[in-house]
Amino acid sequence: MRLRVEGKGKGALLKNSAWVLMAALLGVALIASASPQQEEGRKSPLPWAYVVDARPPASSSTPDRSDTSLKRVAGSSLSFTLAQVHDGFGPADWHPGDHGPMPDIVARGKKPDVLACALCHYANGKGRPPNAPLAGLPVAYFIQQMMDYKKGYRKSAEPRKPNTEKMIAFAKAMTDEEIRASAEYFGSIPYSPWIRVVETRNVPKTRIARGMYVKLEGRETEPIGNRIIEVPDNAEATALHDDHSGFTAYVPIGSIKKGEALVTTNGGGKTIQCGYCHGDNLEGLGDTPPLAGRSPSYIARQIYDFQSGARSGFSTLTVTMIQSIDKLTPEDIVAVAAYIASRPVPASTKAAPRNPSK
Ligand code: HEC
Ligand code: HEC
């Protein structure tokens with residue numbers, strides 16, 4: 001903002017100075033309220049976390065409808081066609097012995113507006129990097145998130161990420177009973193190790209399929225830069241939604257140690273120690289969600305969604321939560337997410353499986 005001060009004589013100058021001062025204060029207030037993110041529109045500085053970089057999606061990202069052969073995955077005696085695997089109102093459940101009876105909304109969704117939770121989050125709630133791990137979340141936290149989606153307090157900072165919009169639409173179409181049943185089902189499943197974190201200078205070259213990075217054939221690599229690249233360990237199994245087939249997250253050299261300082265100390269005034277609320281081992285505390293061993297792309301997206309205001313909340317804890325991550329730079333977010341994902345899943349998140357129908 002530029003101001004021209006014109007005036008004759010001392011009185012006018014004084015009067016003008018008062019205006020200048022007021023305008024300057026107003027300017028400061030304006031600058032303080034308009035964050036750089038707002039000025040940039042809703043584009044995030046972490047395109048890798050939202051998997052929205054410039055690469056064209058692979059043609060194989062939509063299932064081949066002409067393939068009606070029966071598919072199998074390791075460790076399951078079942079077989080399904082691709083159409084069954086991708087059936088939004090009853091997707092394949094490869095390992096039914098792993099979990100208790102699924103509520104209808106989880107296994108089959110609700111036609112026409114709500115797709116089965118198991119389609120994206122998997123029957124065991126471990127999830128894929130573009131959605132979210134639901135296993136072991138506190139029931140009250142889970143319900144709160146569904147309400148936040150409904151009321152518009154939780155969106156994606158990245159308008160090019162389409163599946164968060166879908167999630168919002170599902171929440172809006174669900175009844176309180178359906179929300180509670182899904183929260184109790186996923187909350188009762190213990191979260192167990194799912195992501196291997198590897199520090200590296202160079203990552204395998206990847207393509208994008210179904211909102212995920214997938215390794216290209218061959219051994220070509222590229223510099224990792226300030227990114228985390230999370231890929232299926234077995235792309236074929238993940239394409240078949242095998243919920244026994246996990247992920248590897250490549251993170252920059254030194255990021256885990258840097259993240260440890262930001263998470264476990266106050267990072268020289270930058271953060272509030274995460275363990276205060278998330279538990280010493282980031283296993284979750286009360287209704288505050290567990291973080292340890294969970295998808296670093298998911299964690300990073302949430303941190304930036306909080307920073308940008310796309311995800312908000314009014315509880316004192318959530319407001320303090322936002323303060324505790326607000327000063328993190330994109331480099332810090334990589335480090336924090338790498339450290340959190342590398343933490344062992346503590347035994348205390350392994351809640352005893354509970355029959356959700358009881
Ligand atoms: C089309 C895929 C898809 C389906 C189906 C789906 N979700 Fe989601 N879900 C998402 C995405 C995407 C996110 C958010 C990811 C993000 O914000 O980065 C999400 C996030 C969530 C979260 C927040 C988790 C957290 O840690 O805060 C909850 C809770 C949730 N979903 C519940 C459900 C329930 C219950 C169902 C079934 C009725 C369901 N979802 C079906 C894609 C899906
Ligand atoms: C004052 C307590 C507090 C502190 C300190 C805190 N958090 Fe949180 N955190 C919360 C609460 C409460 C939520 C749930 C917010 C909501 O209502 O959406 C949360 C949510 C999150 C989520 C989203 C989890 C999910 O499943 O979507 C991430 C990621 C997160 N915190 C990371 C951190 C990191 C990293 C730190 C430390 C730098 C930290 N938090 C410090 C209270 C805290």
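So, contacts along the chain: if you take pairs at least 6 apart in sequence, 66% of those contacts join residues at least 24 apart. Keep in mind that this is a predicted model. The protein chain has 358 residues, and 40% of them count as buried. In terms of elements, we have 15 helices and seven strands in the protein chain.

Now, how far can we trust it? The mean pLDDT of the protein chain is 87, with 82% of residues reaching 70 or more. Residues 1-41 are below 50, and that stretch has 12 contacts in the model beyond near neighbours in sequence. At the other place to watch, residues 349-358, pLDDT also stays under 50, and there the model has 25 contacts beyond four places in sequence. Where pLDDT is low, the predicted coordinates should not be read in detail. I'll leave those stretches alone, then.

Okay, on to the ligands. Which residues come nearest to ligand 1? There are 25 residues around ligand 1, and the nearest are L115, C117, C120, N163 and S182. Two or more residues of that shell come from each of helix 6 (117-121), helix 7 (139-151), helix 8 (162-173) and helix 13. Helix 8 gives the largest share, five residues. If you like to think in side-chain classes, the shell around ligand 1 splits into 16 nonpolar, seven polar and two charged residues.

Ligand 2 next. Here 22 residues make up the surroundings, and C274, C277, L317, T320 and M321 come nearest. At least two residues of the shell come from each of helix 12 (275-278), helix 13 (296-308) and helix 14 (316-325). The largest share is from helix 14, with six residues. By class, you get 13 nonpolar and nine polar residues around ligand 2, and no charged ones. And notice helix 13: that helix is on the list for ligand 1 and also on the list for ligand 2.

Let me move to helix 15, residues 330-342. Is this helix enclosed or open? Of its 13 residues, 11 are buried, so helix 15 is largely enclosed by the rest of the structure. The buried ones run from D332 through I333, V334, A335, V336, A337, A338, Y339, I340 and A341 to S342. What do they pack against? Strand 1 (195-200), strand 7 (247-252), helix 11 (255-264) and helix 13. There's a length check too: at 1.5 Å a residue, the 13 residues should span 18 Å, and the end C-alpha atoms of helix 15 are indeed 18 Å apart, so the two agree.

Helix 11 is one of those partners of helix 15, and it's worth a look by itself. Its buried residues are S255, G259, L262 and V263. These four cover an arc of only 95° around the axis, which means they sit on the same side of helix 11. Covering them are, among others, strand 1, strand 7 and helix 15.

Just ahead of that, in the loop between strand 7 and helix 11, there's G254. Buried or exposed? G254 has 11 C-beta neighbours inside 10 Å, so it counts as exposed. Its C-alpha atom is 9.9 Å from that of R201, and the two residues are 53 apart along the chain.

Last bit, some backbone oddities for those of you who like them. The peptide bond from K111 to P112 is cis, with omega near 0°. You'll find P112 in the loop between helix 5 (104-107) and helix 6.

Then there are two positive phi values outside glycine. Y122 has a phi near 70°, and Y122 is in the loop between helix 6 and helix 7. Being in a loop doesn't put Y122 on the outside here: 28 other C-beta atoms lie within 10 Å of Y122, so it counts as buried. The other case is H241, with a phi of about 60°. H241 lies in the loop between helix 10 (235-239) and strand 7. H241 is buried as well, with 22 other C-beta atoms within 10 Å, where 20 is enough to qualify.

That's my tour. Any questions, shout.

Conventions:
Residues are numbered from 1 along each chain as its sequence is written. Chains are lettered from A and ligands numbered from 1 in the order in which they are written. This is a predicted model: local features need pLDDT of at least 70, side-chain atom pairs count only at pLDDT 80 or more; totals for chains, interfaces and linings use all residues. pLDDT is the predictor's confidence in each residue, from 0 to 100. Two residues are in contact if their C-beta atoms, placed from the backbone, lie within 7 Å. A residue is near a molecule or strand if its C-beta atom, placed from the backbone, lies within 6 Å of it. Ala, Val, Leu, Ile, Met, Phe, Trp, Tyr, Cys and Pro count as nonpolar, Asp, Glu, Lys and Arg as charged, and the others, Gly among them, as polar. A residue is buried if 20 or more other C-beta atoms lie within 10 Å of its own, exposed if 12 or fewer, and partly exposed in between; C-beta atoms are placed from the backbone. The expected span of a helix is 1.5 Å times one less than its number of residues. The arc is that of the directions from the helix axis to the C-beta atoms.
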